[in-house]
Amino acid sequence: MAKVELKQPIVEEISNSIKDAQSVVLVNYSGLTVEQDTILRKELREAGVQYKVYKNTLVRKAFNELGFNQFDEALNGPTAIAFSADEVTAAKLMTKAAKDYEGKIVLKCAFSDNAYVDKKGVEALATMPSKEELVAKMLGSMQAPLSNFAGVLTNLMSGIVRVLNGIAESKA
């Protein structure tokens, strides 16, 4: 069997991971100790982020097959990839890791919303709230007027009951 045929399933695996993820963050991971790498992988796994190291040529081929050649330049040197089911988790965790392990983890770029995102874009993604946080804030904002209205009605009803009790006590 030719080498190309052996590598094609790996390229397909990478392509499928890219398609299934909402965001993909590429980092340079050189200099991490085994202990640091284990801690990082554990944090990522607990957050639902898949963290893998593939050969750059295979990742490049997967991106090229998907129609993206902007990643060719970033796919040089030691590269690790974080695949996330949402738009911001991988960016947040990898940006935090870049700060925690300064010089050992360096952000390269990302793939989010079917587009190439540069290093500054990854840092911007890391500061954004997740979709769930935004939905919760929106629902809280929508619920606040209703809660206030219910409070006003409750106070109004309490006032009426107090007045009626006062009248009943004065007649008794």
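This is a short selection tour of a predicted model.

**Stop 1: the main core**

Start with Val25, Leu40, Tyr51, Met94 and Ile105. These residues have the most contacts inside the largest nonpolar core, a set of 24 residues. Now colour the elements around them. Strand S1 (23-28), helix H2 (34-46), S3, H4, S4 and helix H5 (119-127) each give two or more residues to this core. Which element gives the most? H4 does, with six residues. In soluble globular proteins, nonpolar side chains tend to be buried together.

Keep Met94 selected and show its surroundings. Leaving out residues up to four places away in sequence, Met94 touches Val25, Val27, Leu40, Leu44, Tyr51, Ala82, Ile105 and Leu107. Three of the names from the start of this stop, besides Leu40, therefore deserve a second look here: Val25, Tyr51 and Ile105 are all on the Met94 list.Next, select Ala21, Val24, Leu58 and Leu75. They are among the 19 residues of another core, which lies apart from the one around Met94.

**Stop 2: H4 against H5**

Hide all but H4 and H5. Two packed helices are described by the angle between their axes and the distance between the axes. Here the axes come within 8 Å and cross at roughly 105°. H4 and H5 are therefore roughly perpendicular to each other. Which residues make the contact? From H4, pick Ala91, Lys92 and Thr95. From H5, pick Val122, Glu123, Leu125 and Ala126.

**Stop 3: Asp86**

Go to the loop between strand S3 (80-84) and helix H4 (89-100), where Asp86 is found. Is Asp86 buried or exposed? Asp86 is buried, yet has no salt bridge. Draw a distance to Lys92, the nearest side chain of opposite charge: it is 8.0 Å away. Now show the contacts of Asp86 beyond four places in sequence. They are Gln22 and Ser23.

**Stop 4: Ser112**

Keep Gln22 and Ser23 on screen and add Ser112. Ser112 touches both of them, along with Glu87, Val117 and Leu125, not counting residues up to four places away in sequence. Leu125 was picked at Stop 2, on the H5 side of the helix contact. Ser112 is found in strand S4 (residues 106-112). Its relative accessible area is 8%, so Ser112 is buried.

**Stop 5: Asp113 and Asn114**

Step along the chain to the loop between S4 and strand S5 (115-117), the place of Asp113. Asn114 lies in the loop between S4 and S5 as well. Check the backbone angles. Asp113 has a positive phi of about 55°, although it is not a glycine. Asn114, another residue other than glycine, has a positive phi near 55°. Are they buried or exposed? Asp113 counts as exposed, because its relative accessibility is 69%. Asn114 counts as exposed too, at 59% relative accessibility. Set these beside Ser112, which is buried.

**Stop 6: Glu43**

Finish on helix H2, the place of Glu43. At 30% relative accessibility, Glu43 counts as partly exposed. Which residues does Glu43 contact, leaving aside its neighbours within four places in sequence? They are Leu93 and Lys96. Last, zoom out and select Leu156 with Glu43. They are 113 residues apart along the chain, and their C-alpha atoms are separated by 51 Å.

Definitions and conventions: Residues are numbered from 1 along each chain as its sequence is written. This is a predicted model: local features need pLDDT of at least 70, side-chain atom pairs count only at pLDDT 80 or more; totals for chains, interfaces and linings use all residues. Side-chain values use heavy atoms; hydrogens and water are left out. Helices (H or I, at least four residues) and strands (E, at least two) are DSSP runs, numbered from the N terminus. Buried means under 20% relative accessible area, exposed over 50%, partly exposed in between (1.4 Å probe, protein chains only). Lys and Arg count as positive and Asp and Glu as negative; His and the chain ends are not counted. A salt bridge is a side-chain nitrogen of Lys or Arg within 4 Å of a carboxyl oxygen of Asp or Glu. Contact means heavy atoms within 4.5 Å. A nonpolar core is a set of buried Ala, Val, Leu, Ile, Met, Phe, Trp, Tyr and Cys residues joined through side-chain atoms within 4.5 Å. Axes are lines fitted to C-alpha atoms, for helices over the stretch in contact, and angles run from 0 to 180 degrees between N-to-C directions. Angles under 35 degrees count as roughly parallel, over 145 as roughly antiparallel, 65 to 115 as roughly perpendicular and the rest as oblique.
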